[in-house]
Structure formats: structure tokens, C-alpha cells
Amino acid sequence: MPSCSPDCCLLQAVEIIKVFSEDGTGKVVEIPADMTARDLCQLLIYRSHCVDDSSWTLVEHHPLLSLERCLEDHELVAQVQASMTSESKFLFRKNYAKYEFFRNPLNFFPEQMVAWCQETDGTIPHSQLLQNFLNPSSCPEIQGFLYLKETARKSWKKLYMFLRRSGLYYSTKGTSKEPRHLQLLADLEDSNIFTVIAGRRLHGAPTDFEFCIKPNKVRNESKELRLLCAEDEQSRTCWMTAFRLLKYGILLYQNYKIPQQSKMLSQFSSPVRSVSENSLVAMDFSGRIGRVIENPVEAQSAAMEEGHSWRKRSQRMNILGSFSPLHPSSLSSIIHRTQPWFHGRIMREESHKMIVQQGQVDGLFLLRESQSNPKAFVLTLCHHQKIKHFQILPCEEDGQMFFSLDDGATKFTDLIHLVEFYQLNRGVLPCKLKHPCTVVAL
């Protein structure tokens, strides 16, 4: 038999991958068989001219099972594709919450849900939580009630469960964790954890906070899935984050640190234009040198003054012959349509879905046209894992049109000025605008 040439071996190591964006457009890419999810995201960022802010991710989507999950950055794309059906696909999407638990661990792990093995006697301080999840010799444990869908039945059963390195267990006797009362429900090594889409409609789930543990060998057989449901979003996030930490350990931390360490050495060098939220502070430039305003009352006053100065500057521009916002062809009335955070005439439910899919972190936002008022807009904002909607109303003063979301106290000539202002100043909002909810066409 003739031996395989080097060129032939090289061809055998190439895979064809199709990736879709949120708007349904797709791109076919040819990748090496050993390309990771992170490298494929970097390639798509480069080819699509996106801003690389380390929040882009590859999503494994199973429409027949209504499941999806973000691939971990180190996973091999070709290997994951080999386990998918022909109906399944990859999505290219932002997920700001992917590594948020490294930055704010206490927001992800409620104290009452975290326990430790007997030898530690619960003396490990909560501040060392992540270190113990990453340390393979320690044994943290997540515990609490979950609803479990019974196999081949429509009913759900509420059980007390324990998530450990060895797997997910439920107690056959109340909240007892004695070994004789624990039943293994799923292991971690040969499974992955997914978010369930529209779980109430499909499975009659008792709450909206459903997730699923899917064995890697399962393709479309729903009877093999472990369908679970939490009481609230924080609990679901805790279970799913702990599953990832216990399964991958230090690999997750390495994935989190790599973009920060090698941004300048990236093989696909797209420009980085994002601004750290920590650098956005209230400043006073009235003196010879600028100073940071630390007093909240003074900062609020400065915010109001800045809003008024923008308004005056716009009035001066109009006097000099710029577009009038009242004129239908005005640049200020349409320029926001070019912004990544503006999503046009989408429904309230669709805006809610987009925020959930992109991570539900504080400051994640988008703007859309109002359904109830054709002249108004709506700011959709996430804060403490809750999604809130703020109406932006037009208001007229001295023959000029402005936009305001605080009943005219602070006015803006266009939506771009409004967004820039609230990225710097919280104002009447529960938090500053930090992360634009973005959809990119591939």
C-alpha cells in the first residue's frame, strides 16, 4: 500500500465548519482539526471586523432539543462538531458573563448554597471560594433544592441535591447527605451543562430557570437528558457555574487570563477599542488640572451640568447651520441606527431574550424603538440579573427636539449623546451603561 504523503496528511487534518450569527447569516470556514473555540472566535472577529473585547464566544445550539451552551475556549471545535447532529449548529455570539464569576465570585455563589467536606469543618473563608474550586485537592460542594423532570413523564419532583467533583447527587431522604441516602444523577466528566430554551412551553417546567445535563454520547434522545429547574436565576447560575468549575478547574482560569496576557501577541490583530469600565469616572475640569469627583452628590450635580452643556452646544451648532432635529431628514434623528447597541423595532420579549443570551451582567444594555409610542425609544438594561426597561421620551424646547429618560431633567439632542452620558454617569439608572448588546452579521 502506498504511503500517505505529507500533503495528503495535511488535507486530512482540515475540517469544514459553518457558523451562524444571530440574524441567521452564516459563514463557512475551513479550519485545522486542532483549532480551539477561542482561535475560531479570533478568526471570526478578524474577518467580521468586530471589536475584540474578549466577550465573543462560540455557542453549541441544538434546535430539536432546545438546548445551547457556550463552548469553553480550550475545546476543539471539530471534536464538538463530531458529536452534533445535522440539525445542530454553531452560533457566534457575545457572552459577557462567561468569566464574570472570576471578577465577582460572591455574586455567583450565595453563601447558603456553598458547603465544604467534613475535614474542613466549614472553616474556609468565603473569600477563598474560587481558590478551593480550582484546587483539585479541595472538595467544595453546592447544595440546594432543584426540580427534576421524571423520565418519560410530564411531572417534576423537588429534590435536595449536591454537586461535587464526583458528580451530581440527590438525597432520597429529605436533605440528608449520608452516603446511603445519596443517589448519583449525573457525572461531570462525560457530560456537559446546557441552558434550556423555552422550558416551560416544551417541558411544563415549574419555573423559567431550567437547565440540562446532557451526556456527550446523547444526540437527539431526550429521554437520556437530565432536565433540572431552579427557583431563580441566581440559583441556576450558581449550579451551572459550579458545574463548569468542578469539571474544568484550573483550565477555566487559564482561559480567563490568556486574553489579558497575550492581547498584543494575538495572531489575528484586530484593533481593540473597548474602554475599561473602571476608567469611566466623574471628572471636574473647571480648574487648571482635572480631578476625580468622589462625592456622589457633587458627581450628580456635575452630571446634570454636563447634560445642559451638551444641550447648549447643540443649540449653537443649529444656529451655525447644522441639521435641525425637528426636520425629518435630520442626521441626529437617524445616526443612532448605525450603533451596535441599537436594534430597531424589536419586541420587548426579543430584547429580553438577547440580554439573557449575552450574559445578564450589570450594565448590559440595548436601545430599541418603543412599541407603545412611535416617537419614543426604550432602554433595556440588566442590573442584578434583572432586566429593566426605561422609556426615552422626546421633548421640545425653544423649537428644538430633545430626548430624555428622566422627564426632561437631563436632555440630549440625539441618542448617541444620551448613551455616552449614561456610560459615564449613572443618573437615574440603577447602574452605568457598560456592555452594549451587539449582533454581528457574518
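**A walk through helix, strands and sheet**

Just after helix α2 comes H49, a residue whose phi is positive, near 60°. That is our starting point in this model, which is predicted. Let us step back into the helix itself.

Helix α2 covers residues 37–48, and its 12 residues, at 1.5 Å each, should span 16 Å; the C-alpha atoms at its ends are 16 Å apart, so expectation and model agree. How many of the residues of α2 are buried? The count is 9 of 12, so we can call this helix mostly covered. Among the buried ones are A37, R38, L40 and C41, and further along come Q42, L43, L44, I45 and S48. As you look along a helix, remember that an α-helix has 3.6 residues a turn, so residues three or four places apart point the same way.

Next, find strand β5, residues 89–94. This strand is also mostly covered, with 5 of its 6 residues buried. Strands of a sheet pair through backbone hydrogen bonds, either parallel or antiparallel, and β5 lets you see both arrangements. Strand β1 (residues 14–20) runs parallel to β5 and is joined to it by 2 bridges; here V19 stands opposite F90. Strand β3 (residues 56–62) runs antiparallel to β5, with 6 bridges between them, and H61 stands opposite K89.

Now let us visit a single residue, Q143, which sits in strand β7 (residues 140–149). Is Q143 buried or exposed? Its relative accessibility is 15%, and because the cut-off for buried is under 20%, Q143 counts as buried. Setting aside neighbours within four places in sequence, Q143 is in contact with Q112, M113 and A115, with Y160, M161 and F162, and with K177 and W239.

Our last stop is an open sheet of 5 strands, ordered β19-β18-β17-β16-β20 with mixed pairing. Why do β19 (400–404) and β20 (435–436) count as edges? Each has a single partner strand, so one side of each is left without a neighbour in the sheet. Inside this order, β17 (residues 377–383) and β18 (residues 386–397) run antiparallel and are joined by 7 bridges. One such pairing links T380 with H389 in β18.

Two helices pack on this sheet. Helix α11 (residues 348–357) touches β16 (364–369), β17 and β18, and its direction makes about 160° with that of β16. Helix α12 (residues 415–424) touches β16, β17, β18 and β19, and its direction also makes about 160° with that of β16.

Notes:
Residues numbered from 1 in each chain as written. Predicted model: local features only at pLDDT ≥ 70, side-chain atom pairs only at ≥ 80, totals over all residues. Heavy atoms only, no water. Helix = DSSP H or I, 4+ residues; strand = E, 2+ residues; numbered from the N terminus. Buried < 20%, exposed > 50% of the residue type's maximum accessible area, 1.4 Å probe, protein only. Contact = heavy atoms within 4.5 Å. Pairing = 2+ DSSP bridges. Expected span 1.5 Å × (residues − 1). Axes fitted to C-alpha atoms, helices over the stretch in contact; angles between N-to-C directions.
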